[in-house]
Structures are given as structure tokens and as C-alpha cells.
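Hi,

Here is the structure I promised to pass on. Have a look at it first, and then read on for what turned up in it.

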Amino acid sequence: MIDFTLNGNPIRVEVDPEMPLLWVIRDVLKMTGTKYGCGQGICGACTIHVDGQPMRSCSFPASAAQGRKITTIEGLAEDASHPVQQAWEAHKVPQCGYCQSGQIMSAVALLQQNPNPDDQAIDNFMQGNICRCGTYNRIKSAIKTAANASTNIEIREVGGAKS
């Protein structure tokens with residue numbers, strides 16, 4: 001058994017300890033907001049937060065989640081009202097949309113660490129998230145808008161806990 005907190009809710013799963021956490025989230029827990037991209041932790045489509053830090057869930061074994069606090073895109077806000085999600089919509093960032101949950105999770109982590117990032121800080125932090133549609137300028141604008149909208153980006157997890 002592996003016990004962890006997912007979006008503020010206690011979770012207990014019985015899975016192969018080596019199963020990537022992505023598959024636990026998507027296939028076992030049926031939360032499909034986190035996407036599979038490359039399967040090697042390179043593209044960033046599967047980015048989640050583990051104890052507040054962005055991690056690639058496709059290369060993160062389920063056993064490593066034991067006792068930890070996991071946040072997925074579903075954990076930001078039930079109604080997509082998180083400042084980063086709102087900025088994403090305002091700047092019409094998504095095209096195909098496939099990388100968006102990973103991009104948003106990385107952007108939230110960036111703003112938690114640096115509430116007012118400049119272009120270089122955004123480029124450096126977001127470089128591990130690949131967008132095949134090439135919406136990088138929109139992503140950068142959305143991050144700046146979210147930074148201006150809120151000086152204290154926080155995660156309001158579905159289960160009620162804040163991180």
C-alpha cells in the first residue's frame with residue numbers, strides 16, 4: 001500500500017511500487033488532467049507538484065509518493081479560477097492543449113518561488129516544458145499577467161488544504 005495526499009485528500013493505493021505516479025493518477029485514480037507526453041521526463045506534459053516542487057510524474061515511481069503531498073492540475077481550483085489558469089485563458093495560450101496542464105503546473109511553481117519573474121527567469125524555469133504549438137510568447141505573457149494579478153500565488157487544493 002502507498003499512502004499520500006492528492007489535492008488535499010488522503011489516498012491509499014495498492015499498485016506496483018515502480019509504476020510511474022502518472023499512471024496511478026490517470027489509470028488508477030481516473031484523474032486525466034495530467035498528460036502523458038514523452039514518458040522520459042523530458043517534455044513536461046506530466047508535471048505535477050510533489051511537496052510543492054514541480055516533478056515529472058511519468059518518471060516518478062509511485063513508491064516515492066509515500067507520505068508526500070501531491071498536487072495535480074485538478075488541485076489548483078475546481079472551477080479553473082486559479083490566477084494562472086485565468087491568465088492562460090485571457091492570453092488564449094492553449095492551441096492543441098496537450099502540454100497545458102504541465103505548463104500551468106510549472107508556471108504556478110515558478111510564481112510560488114519568484115512572484116515577479118523577468119523574461120530570463122521565465123525562460124529558465126519553463127525551458128523543460130515543451131509546447132509543440134510554439135505558444136511560448138503567450139505563455140510568457142500569461143505568467144506575467146498572473147504575477148501582476150496576485151503577488152501570492154497559492155494552491156487552493158480541492159480537499160481544502162492550502163500549500
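Let me begin with the sheet, which is open and has five strands in the order 2-1-5-3-4, with mixed pairing. Its edges are strand 2 and strand 4 (53-56), each of which pairs on one side only. From one strand to the next, the twist averages 40 degrees. Please keep in mind as you look around that this is a predicted model.

Strand 1 is a good place to start. It runs antiparallel to strand 2, and five bridges join the two. One facing pair between them is Asp3 and Arg12, the latter in strand 2. Strand 1 and strand 2 form a hairpin with two residues between them, and in the turn Asn7 has a positive phi of about 55 degrees. With strand 5, strand 1 pairs in the parallel sense, over two bridges. Here Leu6 stands opposite Ile70 of strand 5.

The side chains of strand 1 are worth a look too. In a regular strand, side chains alternate between the two faces of the sheet. You can follow this along strand 1: Ile2, Phe4 and Leu6 point to one face and are buried, whereas Asp3 and Thr5 point to the other face and are not buried.

Next comes helix 1, which spans residues 21-28 and has Leu21, Leu22, Val24, Ile25 and Arg26 as buried residues. You may want to click on Arg26, since it is on that buried list along with its neighbour Ile25. What do the buried residues of helix 1 pack against? They pack against strand 1 (2-6), strand 2 (9-13), strand 3 (47-50) and strand 5 (69-71). Just after helix 1, Lys30 takes a positive phi of about 60 degrees.

Now for a single residue in the sheet. Thr47 lies in strand 3. Is Thr47 buried or exposed? Its relative accessibility is 1%, so Thr47 counts as buried, the cut-off for that being under 20%. Leaving aside residues up to four places away in sequence, Thr47 touches Pro54, Met55, Arg56, Ser101, Gly102, Met105, Ser106 and Asn129. Thr47 and Ile104 are 57 residues apart along the chain, yet 8.7 Å separates their C-alpha atoms.

That leaves two helix pairs. The axes of helix 3 (residues 100-113) and helix 4 (residues 119-126) come within 10 Å and cross at roughly 130 degrees, which makes helix 3 oblique to helix 4. This crossing of helix 3 and helix 4 is right-handed. On the helix 3 side, Gln103, Ser106, Ala107, Ala109, Leu110 and Gln113 meet Ala121, Ile122, Phe125 and Met126 of helix 4. By type, the residues of this contact are seven nonpolar, three polar and no charged. Ser106 may look familiar, as it is also one of the residues that Thr47 touches.

The other pair is helix 2 (residues 83-90) and helix 5 (residues 136-149), whose axes come within 8 Å and cross at roughly 135 degrees. Helix 2 and helix 5 are therefore oblique to each other, and helix 2 passes helix 5 in a right-handed crossing. Helix 2 brings Pro83, Val84, Ala87 and Trp88 to the contact, and helix 5 brings Ile139, Ala142, Ile143, Thr145 and Ala146. The residues of this contact divide into eight nonpolar, one polar and no charged.

Best wishes

Notes
Residues are numbered from 1 along each chain as its sequence is written. This is a predicted model: local features need pLDDT of at least 70, side-chain atom pairs count only at pLDDT 80 or more; totals for chains, interfaces and linings use all residues. Side-chain values use heavy atoms; hydrogens and water are left out. Buried means under 20% relative accessible area, exposed over 50%, partly exposed in between (1.4 Å probe, protein chains only). Helices (H or I, at least four residues) and strands (E, at least two) are DSSP runs, numbered from the N terminus. Contact means heavy atoms within 4.5 Å. Two strands pair if DSSP finds at least two bridges between them. Axes are lines fitted to C-alpha atoms, for helices over the stretch in contact, and angles run from 0 to 180 degrees between N-to-C directions. Angles under 35 degrees count as roughly parallel, over 145 as roughly antiparallel, 65 to 115 as roughly perpendicular and the rest as oblique. A crossing is left-handed if the near helix is turned anticlockwise from the far one by less than a right angle, and right-handed if clockwise. Ala, Val, Leu, Ile, Met, Phe, Trp, Tyr, Cys and Pro count as nonpolar, Asp, Glu, Lys and Arg as charged, and the others, Gly among them, as polar.
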